[in-house]
Amino acid sequence: MNIPEKVKILFKTYDVQQEKNLHDMEGDLYAQIHYLPERIILNEDSTEEQKKAALIHELIHGLDEIYIIGLKEKQIEKLGNALYMLIRDNPEMFKEG
């Protein structure tokens, strides 16, 4: 899995950026999604694996926001980790051709 510069979630195109010292009022963050402007920020200080897992997590937030699913944070965490592991453990499934 590669970390792209942009990712489409239906009709929205999110810029994927990396920043150092990413945090909020509760502490350090692995990533953060901003619906307006359409941006996903990954913590530059994280490992590559953490960045990839965090990107999947934020993409699920983006899908949840568009489809108005109403997922709770714990559900997004579990689904994000499960999808990341599925992608990581089965790379041949996700190659083109």
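1. A quick definition to start: two strands count as paired if DSSP finds at least two bridges between them. Keep in mind that this is a predicted model. With that in hand, look at strand E2 (residues 12-19) and strand E6 (residues 39-43): they run parallel and are joined by 5 bridges. One spot to find on screen is aspartate 15, which sits opposite arginine 39 in E6.

2. Now zoom out to the sheet. It is an open one made of 4 strands, ordered E1-E2-E6-E5, with mixed pairing. The edges belong to strand E1 (6-9) and strand E5 (31-34); each has a single partner strand, so one side of each has no neighbour in the sheet. On average, neighbouring strands here are turned by 25 degrees against each other, ignoring direction.

3. Next, the helix. H1 (residues 48-67) packs on the sheet and touches E1, E2, E5 and E6. Its direction makes about 155 degrees with that of E6.

4. I also checked the length of H1. Its 20 residues, at 1.5 Å a residue, should span 28 Å, and the end C-alpha atoms lie 29 Å apart, so the two figures agree. Right after H1 comes isoleucine 68, which has a positive phi, near 50 degrees.

5. Last, have a look at the surface. Which residues form a nonpolar patch there? They are Leu10, Phe11, Leu63, Tyr67 and Ile69, and together they have about 530 Å² of accessible area. Of these, tyrosine 67 has its place in helix H1.

Technical notes. Residues are numbered from 1 along each chain as its sequence is written. This is a predicted model: local features need pLDDT of at least 70, side-chain atom pairs count only at pLDDT 80 or more; totals for chains, interfaces and linings use all residues. Side-chain values use heavy atoms; hydrogens and water are left out. Helices (H or I, at least four residues) and strands (E, at least two) are DSSP runs, numbered from the N terminus. Axes are lines fitted to C-alpha atoms, for helices over the stretch in contact, and angles run from 0 to 180 degrees between N-to-C directions. Contact means heavy atoms within 4.5 Å. Patches are made of residues with over 30% relative accessible area and no salt bridge: like charges are joined within 9 Å, nonpolar side chains (Val, Leu, Ile, Met, Phe, Trp, Tyr) within 5 Å. Accessible areas come from the Shrake-Rupley method with a 1.4 Å probe; for residues, only the protein chains shown count as cover. A salt bridge is a side-chain nitrogen of Lys or Arg within 4 Å of a carboxyl oxygen of Asp or Glu. The expected span of a helix is 1.5 Å times one less than its number of residues.
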